[in-house]
Amino acid sequence: MGSTGVDGSGLTGIAPPGARPRRAAPFQGNLLASSVTAAAAVVIAGLTWWMLWYFDRSLQVAHGQLVVARVIEVALGVTVLAVPWYGLLALAASLRGRRLAAREAFADARMAIEDSRDHIWVVVGIGLTALIVAFLAFLLAGNNGSVRHVMLDWTYMWRRTHTGLLRGFWLNIKLFVVAEVLVLPWSLLVAIVRMLPGRACAPVRILAITYIDVFRGVPAIITIYLIVFGFSLAKVPVFKSLSPDNQLFWLGILALVLVYGAYVAEVYRAGLESIHWSQTAAARSLGLSQMQTLRHVVVPQAVRRIVPPLLNDFVALQKDTALLSIVGLLEILNIASQYKNQFFNLSPVTGAAMCFLVITIPFTRFVDYLIKRDRARTQAQ
Amino acid sequence: MTAFLELRDVHKRFGHLEVLRGIDLDVEEHQVVCLIGPSGCGKSTLLRCVNALETIEGGEIRIDGERVSGRGVNLNALRADVGIVFQSFNLFPHMSVVQNVALAPHKVLKLSKKEALQRADTLLARIGLLEKRDDYPDRLSGGQQQRVAIVRALAMQPRVLLLDEVTSALDPELVAEVLTLVSELALESMTMLIATHEMGFAKQVANKVAFLYAGKIEEEGPSEQIFSDPQRERTRNFLRSIIEAKRL
C-alpha cells in the first residue's frame with residue numbers, strides 16, 4: 001500500500017504515494033525546422049540582393065544625392081550575407097545533435113539543438129529586417145525611381161524650400177506653445193469643476209461633462225473649421241477688432257485649446273482621482289480647507305503622476321497645429337502645399353514632415369524615459 | 001460639571017449599516033481614554049466622527065461645552081483643536097519630513113514660514129528625527145513615519161489627540177518606539193482618545209477604557225477594573241480571545 005508520512009504525523013493523504021521514477025526527457029531534434037530555415041535563409045538573401053540591385057539600377061537613372069543611398073545599400077547587402085551563414089550553422093548544429101543523440105550523448109545533443117535554435121532566431125531577426133528594408137527600397141525604386149523623385153527629392157524637400165518651410169514651422173511652434181500654456185490651467189479648471197462634490201454643484205458639473213464629451217467626440221478638424229470660420233464670419237466682438245492675421249491666429253488657438261482642453265481635463269481628472277482619499281483626510285484633519293488641500297496636497301501629487309500622459313497630449317497638440325492649414329493660416333503644411341503646386345512635386349510636404357519629426361521624436365523618447373523612471377520608482381517602493 | 005470632550009447618543013450609519021448606535025462617552029482634560037473592541041465595532045468611525053471627517057446622524061459632540069457636530073460648526077477651527085493620527089500614517093509623500101510637519105501651522109495657524117519650520121524642527125528633535133528632516137517619507141521606516149505623523153498632529157498644538165490604531169500597520173519590532181512616544185505624551189498630560197489593539201499598552205497608559213461592541217459601548221471603567229474584573233459577558237469573551245492569542 002501507499003507509504004506513510006516520513007515522520008508518521010498522519011500526513012499520508014497529502015504526501016505522494018511513493019516517488020515516481022524520474023524519466024529521462026526524450027531527445028527531440030529540429031532537423032525539419034533547421035533545413036527549412038537554411039533554405040529560407042538562402043532565398044531571403046537572394047531576394048534582398050535582387051531588390052537592392054533593382055534599387056541600385058534606379059539610382060543610375062535618377063539624379064540627386066546618391067551617396068547616402070549607396071552606403072545604406074552596401075551595408076544592407078553585406079549584412080544580409082549573415083543570413084544564409086547562420087542558416088547553415090543552424091542546419092549543421094541540428095545534424096550534430098542528431099549524431100550525438102544516436103550515440104546516446106543526450107546532454108550534448110540537447111545543447112547542439114539549443115545552438116541550432118539560437119541560430120534560427122538570428123536568421124529570423126536579421127532576415128526579416130533586411131527583407132523589409134530592401135522591400136521599402138524596392139518600392140521607392142518603382143517606376144524608375146518616380147516615387148523617390150516625387151516624394152523625396154532633396155532639391156524640393158529642403159534646398160530650395162527650407163526658408164519658407166522654416167518660417168511656416170516657426171508659426172507652428174508659436175501656435176503650439178501658446179495653446180499649450182493656455183490648455184494647462186483651462187483643463188485643470190474643467191477637471192476640478194467636474195469633480196466638485198455635492199448636489200448643489202450638479203448643474204456646473206454637468207456643464208463640464210458636456211463640454212468634455214462634445215469636444216472629445218467631434219473630430220478636431222471640424223471644431224477648427226467651425227470655430228475659425230464661424231467666429232470670423234459672425235464677427236464675434238473680441239476677435240473682430242484684431243487684424244485679419246491675428247484674428248486667424250487667435251481663433252486657431254481658441255479651437256486648439258477647446259479641443260485639447262477636453263482631452264487634458266480627463267488626464268487631470270484621472271490624476272486627481274488616483275490620489276487616495278486618505279491624503280485628503282490627513283490634510284483636512286490638520287485643519288486645511290478644501291482649497292488648501294487641493295492646492296498643497298492633491299494637485300502636486302496628481303501632476304507628478306500625470307506628467308507622462310500629459311506630455312503625450314503635448315506631442316499630439318504639436319502635430320495637430322498642422323490642422324490649422326485648412327483655415328488658411330500660413331503654417332508649415334500650408335506653405336509646403338504651395339511649394340507643391342509651384343514645383344508639381346510632393347517633396348516639400350515630406351520636408352514639413354521631417355520638421356515635425358525633429359521635434360516629436362526626441363519628445364516621445366523623453367516621455368518614454370519619464371514613464372520608465374516613474375515605473376522604476378513605484379516598483380522600488 | 002461637564003467633561004472636556006463629551007459624546008452624547010452619537011449615531012452614525014453608512015447606508016443601511018448602523019456603525020454607531022448611540023455612543024455616550026466623556027473624556028476629561030488630561031485624561032487618556034482607550035477604545036478597545038473587535039474589528040468593525042466602530043472604534044475608527046467614532047474617532048473620525050469626533051474629528052468631523054464623518055458627519056454624524058444623531059446625537060451631539062461637545063468640546064469644552066461647545067457643540068462641534070452638526071451644522072454651523074467651523075470645521076477647520078475644530079480640526080485645528082483636534083488632532084488625529086491614522087493607522088496608515090498618511091504622510092504627504094511629495095513633501096519632506098519637515099514640510100509635512102510645518103505645512104498646517106503655516107497655512108492654518110498662519111505662523112510665518114520660519115516659525116513653522118522652527119516649531120517642526122523642535123518637535124522632530126524631540127523624537128530624535130531631526131537629521132531626517134529633509135528626507136522624504138518613503139525613506140523612513142514605518143515606525144519613524146508614524147512618529148512623524150504624530151508630531152505633525154502635535155505641531156497644531158491640539159487640545160485633544162485622537163489615535164486610530166497607530167501601531168496596527170507596523171512591523172512588530174517597530175511598535176515599541178511609537179508606543180513609547182504615546183506614553184510620553186500621556187505623562188505630559190496630553191488629552192487623548194486612543195483606539196487600539198495593544199491591550200498591554202492600553203492597560204498601562206489609559207485612565208479609562210471603553211469596550212465597544214457592535215456600535216455601542218458595552219462597558220467602560222478604570223483600566224485596572226476592565227482588564228482584571230470585567231463585568232459583562234462580551235467583554236470577558238473578548239479579553240479571553242485576546243489572551244488566547246497571547247496578545248495580553
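Which domains does the domain assignment give for chain A? I looked this up before anything else. The assignment gives domain 1 as 31-151 and domain 2 as 158-380. I noted that this is a predicted model. I then took the centres of the two domains of chain A over C-alpha atoms, and 45 Å separate them.

**Entry: helix α12 of chain A**

I checked the span of α12(A), residues 290-320. A straight helix of 31 residues would span 45 Å at 1.5 Å a residue. Between its end C-alpha atoms, α12(A) spans only 37 Å. I looked along the helix for a bend and found a kink of about 55° at V307(A). The proline P308(A) comes shortly after this kink.

I also listed the buried residues of α12(A). They include L294(A), H296(A), V297(A) and V298(A). Q301(A), A302(A) and I306(A) are among them too. Further along the helix, I wrote down L310(A), F314(A), L317(A), Q318(A) and D320(A) as buried. For reading such a list I kept in mind that an α-helix has 3.6 residues a turn, so residues three or four places apart point the same way.

**Entry: helix pairs**

How do α6(A) and α7(A) pack, and at what angle? I found α6(A), residues 162-194, packed on α7(A), residues 202-217, at an angle of about 130° with the axes 8 Å apart. That angle makes α6(A) oblique to α7(A). The crossing of these helices is left-handed.

In chain B I looked at α5(B), residues 142-154, and α6(B), residues 172-187. Their axes are 8 Å apart and the angle is about 20°. The pair counts as roughly parallel because angles under 35 degrees are classed that way. I recorded the crossing of α5(B) and α6(B) as right-handed.

**Entry: two single residues**

I picked I72(A), which lies in helix α2 of chain A, residues 67-79. I72(A) has 14 C-beta neighbours inside 10 Å, so I put it down as partly exposed. I then took the C-alpha separation of I72(A) and S278(A), which is 58 Å. Along the chain, I72(A) and S278(A) are 206 residues apart.

Is D368(A) buried or exposed? D368(A) sits in helix α14 of chain A, residues 347-380. I counted D368(A) as exposed because it has 12 C-beta neighbours inside 10 Å, and the cut-off for exposed is 12 or fewer. From D368(A) to L311(A) I found 9.9 Å, C-alpha to C-alpha, with their positions 57 residues apart in sequence. L311(A) falls within α12(A), residues 290-320.

Technical notes:
Residues numbered from 1 in each chain as written. Chains lettered and ligands numbered in written order. Predicted model: local features only at pLDDT ≥ 70, side-chain atom pairs only at ≥ 80, totals over all residues. Helix = DSSP H or I, 4+ residues; strand = E, 2+ residues; numbered from the N terminus. Expected span 1.5 Å × (residues − 1). Bend = angle between axes of the 7 residues up to and from the residue. Buried ≥ 20, exposed ≤ 12 C-beta atoms within 10 Å, placed from the backbone. Domains from an automatic or database assignment. Axes fitted to C-alpha atoms, helices over the stretch in contact; angles between N-to-C directions. Parallel < 35°, antiparallel > 145°, perpendicular 65-115°, else oblique. Left-handed = near helix turned anticlockwise from the far one by under 90°.
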